[in-house]
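Hello,

Here is the structure I said I would pass on. My notes on it follow below the entry.

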Number of protein chains: 2
Amino acid sequence: MDIDGGQIRARNSLGRLTQSIVDDVGAAIVTGKFEAASMMPIEADLCTRYQASRSVLREAMKVLNAKGLVTSRPRLGTTVTTPDRWNLFDPDILRWMLRADISLSLLIEFTNVRLAIEPMAAELAARNADAAALQAVTDGYARMAAADEGHDDPLTADIAFHIAILEASGNRFLQRLKPLVETALTFSIRYTDSIARNEQDKLAAHHRVAERLRARDATGAAGALRQLLLDTRDLMTNRL
Amino acid sequence: MDIDGGQIRARNSLGRLTQSIVDDVGAAIVTGKFEAASMMPIEADLCTRYQASRSVLREAMKVLNAKGLVTSRPRLGTTVTTPDRWNLFDPDILRWMLRADISLSLLIEFTNVRLAIEPMAAELAARNADAAALQAVTDGYARMAAADEGHDDPLTADIAFHIAILEASGNRFLQRLKPLVETALTFSIRYTDSIARNEQDKLAAHHRVAERLRARDATGAAGALRQLLLDTRDLMTNRL
DNA sequence: GAACATAGGAATGATATGATAAATGCGTCA
DNA sequence: TGACGCATTTATCATATCATTCCTATGTTC
């Protein structure tokens with residue numbers, strides 16, 4: 001962003017102008033730069049502020065409206081909604097929140113969601129998934145093992161493992177959590193790995209999940225994954 | 001909608017024009033009237049089809065894009081994304097899907113999500129919720145009991161009960177699932193209640209949850225809720 | 001004849017400006 | 001005093017035009 005006497009022009013070299021305005025205003029709302037439950041500047045002011053035409057600004061606002069960050073009414077203007085209306089399941093919003101401040105409490109809340117979701121996904125996967133889908137989980141583990149030897153990226157390997165389980169569940173809702181988990185795990189793993197941790201234990205825990213899945217042991221796989229996540233949560237809560 | 005020789009004009013008396021186009025095109029995509037993974041008509045054609053200016057049509061498309069239903073590129077046009085990219089956690093999309101055909105399998109998948117989420121919410125609520133939040137759960141039960149005597153609406157009372165538990169969890173992600181659960185439960189309850197069912201059993205199961213919550217019994221509350229949902233799921237799977 | 005450069009075309013992206021509709025407050029008139 | 005109408009403000013809708021992108025097809029060169 002180029003700051004120029006209070007005027008901000010989003011760089012249109014990086015992607016489209018509308019998208020960059022969505023990014024900027026969205027992040028500003030999420031980080032509290034526009035006070036919640038209060039009025040936004042009127043369209044015309046935002047236009048001059050971002051040096052954009054009304055159309056492009058309106059399209060950006062429509063997107064933010066779809067994400068639940070703002071509501072607009074004629075004559076009244078556009079208001080920022082209260083945080084409890086924000087759709088945390090939108091990866092954009094989550095990314096803005098996590099990027100602004102790596103809130104440990106938010107990561108713990110996210111881990112609690114994983115603790116609910118992932119064992120169920122493993123259970124469904126053990127029951128219903130086809131061989132190819134389970135192979136993807138094993139592949140994810142193989143990548144983690146390779147990363148441990150320095151032959152792969154540990155972050156993306158770990159994410160691939162957990163994503164593969166969601167995919168294998170066959171449940172469309174759980175599959176739709178992939179972008180969310182991907183976004184949040186990027187921050188979460190980076191955080192937990194920054195704490196001293198036994199990599200072998202972590203690897204073994206993941207292996208146990210993959211192995212139980214291959215054996216089609218629904219409760220075993222769910223239990224193993226649950227234990228893995230409980231350890232992760234403990235790691236975080238001990239830091240509070 | 002007024003059909004007029006292939007042209008459709010969304011009624012702008014009911015809400016805003018943009019919103020009605022989003023509704024119409026979104027529902028059309030979700031119900032397969034625009035073939036998935038294929039090109040949409042170009043902007044100009046959609047404009048004449050919906051008798052709308054390009055501005056409003058573009059704003060509508062931006063919203064659909066934000067929901068993950070379409071992607072647009074210059075020169076190439078707008079393409080419908082494959083269903084695995086649709087954000088089922090967007091209440092609009094879920095509503096369009098459920099309204100189009102009350103797909104039992106989708107409801108079962110949704111129940112599996114509830115089976116993962118709600119016991120965790122109850123557990124967190126038993127541990128952390130303040131008295132007022134727990135009172136809301138009890139109030140929800142009271143409404144269900146009143147509805148059983150004909151003094152309240154059974155559907156909204158049931159929804160209020162489950163929503164209150166999500167709210168009481170204190171977990172921002174789980175709280176964000178309220179609109180989703182509200183939308184899906186509207187269809188789900190309507191379906192299960194259409195099957196012969198013992199209302200007293202249902203009421204008693206809900207009572208057990210509320211009672212365990214008041215007692216701050218985390219595992220007890222989670223278990224009771226889990227049992228309630230297992231029964232619901234059985235009711236549905238038996239119909240497959 | 002094949003590889004590369006280039007010009008054209010078709011679609012979305014962005015801008016500018018005018019007209020319309022809705023919500024609110026204020027003033028006027030019964 | 002109270003109800004109604006009007007002006008004002010702001011979002012919403014419409015239209016016209018230019019910019020950008022990127023595929024396609026046509027040459028042009030080696």
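**Contacts with DNA strand D**

In this predicted model, 24 residues surround DNA strand D, and the closest are R54(A), R75(A), L17(B), T18(B) and S55(B). Of the atoms of DNA strand D within 4 Å of the protein, 70% are sugar or phosphate atoms, and the rest belong to bases.

Two of the phosphate contacts involve the backbone of chain B. A polar backbone atom of L17(B) is 2.6 Å from a phosphate oxygen of DNA strand D, and a polar backbone atom of S53(B) is 3.2 Å from a phosphate oxygen of that strand. There is also a contact to a base: an N or O atom in the side chain of S55(B) is 3.1 Å from a base oxygen of DNA strand D.

Which elements give two or more residues to the surface near DNA strand D? From chain A they are α3 (54-66), β3 (70-73) and β4 (77-80), and from chain B they are α1 (17-30) and α3 (54-66). The most comes from α3(B), with three residues. By residue type, this surface has seven nonpolar, six polar and 11 charged residues.

**Contacts with DNA strand C**

DNA strand C has 23 residues around it, of which L17(A), T18(A), R54(A), R54(B) and R58(B) come nearest. Sugar and phosphate make up 68% of the atoms of DNA strand C that come within 4 Å of the protein.

The side chain of T18(A) has an N or O atom 2.7 Å from a phosphate oxygen of DNA strand C. Bases are contacted from both chains. R54(A) places a polar side-chain atom 2.9 Å from a base oxygen of DNA strand C, while an N or O atom in the side chain of R75(B) is 3.1 Å from a base nitrogen of this strand.

At least two residues each of the surface near DNA strand C are supplied by α1 (17-30) and α3 of chain A, and by α3, β3 (70-73) and β4 (77-80) of chain B. Here α3(A) gives the most, with three residues. The surface divides into seven nonpolar, six polar and 10 charged residues.

R54(A) also takes part in a contact within its own chain. Its side chain meets that of E43(A) in a salt bridge (3.6 Å, N to O). This pair links distant parts of the chain, with E43(A) in helix α2 (residues 43-50) of chain A and R54(A) in helix α3 of chain A, 11 residues apart. Over all chains, the structure holds 34 salt bridges.

**Interface between chains A and B**

In chain A, 33 residues are in contact with 33 residues of chain B. The two chains bury about 3300 Å² between them, with 63% of this area on carbon and sulfur atoms.

How many salt bridges are there between chain A and chain B? The count is six. One salt bridge joins the side chains of E109(A) and R172(B) (3.0 Å, N to O). Between the two chains there are also 14 residue pairs in polar contact, both residues being at pLDDT 80 or more.

On the side of chain A that touches chain B, the elements giving two or more residues are α3, α4 (91-100), α5 (104-128) and α8 (172-175) of chain A. The largest share comes from α5(A), with 11 residues. This side of chain A divides into 19 nonpolar, six polar and eight charged residues.

**A residue in helix α9**

T186(A) lies in helix α9 (residues 178-194) of chain A. A polar atom of the T186(A) side chain is 2.7 Å from the backbone oxygen of E182(A). Leaving out residues up to four places away in sequence, T186(A) touches L155(A) and I159(A).

**Confidence in chain A**

Chain A averages a pLDDT of 89, and 92% of its residues score at least 70. Among its elements, helix α7 (residues 154-168) of chain A has the highest mean pLDDT (97), and strand β1 (residues 2-4) of chain A the lowest (36).

Two stretches of chain A stay under a pLDDT of 50. Over residues 1-6 of chain A, where pLDDT stays under 50, the model has 11 contacts beyond four places in sequence. Over residues 9-15 of chain A, where pLDDT also stays under 50, the model has 13 such contacts. Where pLDDT is low, the predicted coordinates should not be read in detail.

Regards

How values were computed: Residues numbered from 1 in each chain as written. Chains lettered and ligands numbered in written order. Heavy atoms only, no water. Near = heavy atom within 4 Å. Polar contact = N/O pair within 3.5 Å; in protein donor to acceptor, adjacent residues only side chain to side chain. Helix = DSSP H or I, 4+ residues; strand = E, 2+ residues; numbered from the N terminus. Nonpolar A, V, L, I, M, F, W, Y, C, P; charged D, E, K, R; others polar. pLDDT = per-residue confidence, 0-100. Contact = heavy atoms within 4.5 Å. Buried area = accessible area lost by both parts, 1.4 Å probe. Salt bridge = Lys/Arg side-chain N within 4 Å of Asp/Glu carboxyl O.
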